[in-house]
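Please look through the structure shown below and consider how its helices and strands are arranged. A short report on a few selected features follows it.

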Amino acid sequence: MEPTNPDLDPTDALSSVPAAGAGRGVSPTGKLRFFFGPMDCGKSTLALQIDHNQARQGRSGLLLVRHDRSGTPTISSRMGLARNALEVHEDMDLCAVVRRRWAAGTRVDYVIVDEAQFLSPAQVDQLAELADDAQVEVYCFGLATDFRSTLFPGSRRLFELADELNAIQVEVLCWCGRAGRFNARVHDGEVVRAGDTVLVADTAVVAEEVRYQVLCRTHYRTGDLGPHAVSGRQLSLT
Ligand SMILES: [Zn+2]
């Protein structure tokens with residue numbers, strides 16, 4: 001009996017691994033992915049895990065971070081892992097960064113961006129271009145919305161352009177136990193809903209007065225920070 005012709009296998013249509021696309025005139029592209037979630041949901045941990053998995057396959061990566069808080073650009077997780085990264089500046093052309101690596105003989109198979117909400121929309125376009133034209137796999141990690149509960153411009157552009165959008169499923173809880181989805185800016189015990197979007201706690205003065213707290217929508221709206229919200233100095237009973 002003749003073996004079944006694999007070209008006629010009716011299960012091919014269900015295969016999760018597509019055929020090579022021969023003859024269809026479709027060139028392979030990389031994918032632009034955005035993993036988003038509130039603060040403390042494990043974005044940087046996942047970024048480092050993906051980097052580890054890719055590097056283990058012998059692939060060469062470029063790690064980028066925007067507005068790094070440490071002074072020495074790193075992607076670091078609260079689990080204690082850290083990798084050096086390149087700090088992205090406001091006017092940096094990310095295509096040019098990758099081209100310079102190539103010119104220096106360094107492969108760039110994938111790009112990982114932490115704090116991607118701070119990218120400019122133009123930089124997100126550059127990442128899409130790298131995915132499309134250079135088959136670079138791009139993994140962006142960041143917050144969707146700012147303390148005003150509106151999309152960061154970079155995150156908005158990622159929602160518009162990304163091939164894959166992934167809400168990170170590690171749930172961060174509001175003090176009341178509901179899912180926390182909003183990154184509230186807290187100044188002297190009050191939720192602040194207006195002001196400069198990019199206010200990273202990177203100076204001692206700002207760090208002392210401003211903090212961020214993840215809240216559910218109800219408590220973001222009402223500004224209720226919960227029973228343990230009052231700071232020590234305000235609790236002075238003398
Ligand atoms: Zn709540």
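This report covers a sheet, a pair of helices and one residue in turn.

The model is predicted. It contains an open sheet of 6 strands, paired in parallel, whose order is β5-β2-β6-β7-β1-β8. At its edges lie β5 (86-87) and β8 (164-167), each of which pairs on one side only. Within this sheet, strand β2 (residues 61-65) runs parallel to strand β6 (residues 110-114), and 5 bridges join the two; L64 stands opposite V113 in β6.

Two packed helices are described by the angle between their axes and the distance between the axes. For helix α3 (residues 121-134) and helix α4 (residues 153-161), the axes come within 8 Å and cross at roughly 30 degrees, and the crossing of α3 past α4 is right-handed. The residues that make this contact are set out by helix in the table.

| Helix | Residues in the contact |
|---|---|
| α3 | P121, V124, D125, A128 |
| α4 | P153, G154, R157, L158, L161 |

By character, the residues of the contact of α3 with α4 divide into 6 nonpolar, 1 polar and 2 charged.

Is L225, found in the segment after α6 (217-222), buried or exposed? L225 counts as partly exposed, because it has 18 C-beta neighbours inside 10 Å, whereas a buried residue would need 20 or more and an exposed one 12 or fewer. When neighbours within four places in sequence are left aside, L225 is in contact with V186, G189 and Q213. The C-alpha atoms of L225 and V186 are separated by 8.9 Å, although these residues are 39 residues apart along the chain.

Note on methods
Residues are numbered from 1 along each chain as its sequence is written. This is a predicted model: local features need pLDDT of at least 70, side-chain atom pairs count only at pLDDT 80 or more; totals for chains, interfaces and linings use all residues. Axes are lines fitted to C-alpha atoms, for helices over the stretch in contact, and angles run from 0 to 180 degrees between N-to-C directions. Helices (H or I, at least four residues) and strands (E, at least two) are DSSP runs, numbered from the N terminus. A crossing is left-handed if the near helix is turned anticlockwise from the far one by less than a right angle, and right-handed if clockwise. Two residues are in contact if their C-beta atoms, placed from the backbone, lie within 7 Å. Ala, Val, Leu, Ile, Met, Phe, Trp, Tyr, Cys and Pro count as nonpolar, Asp, Glu, Lys and Arg as charged, and the others, Gly among them, as polar. Two strands pair if DSSP finds at least two bridges between them.
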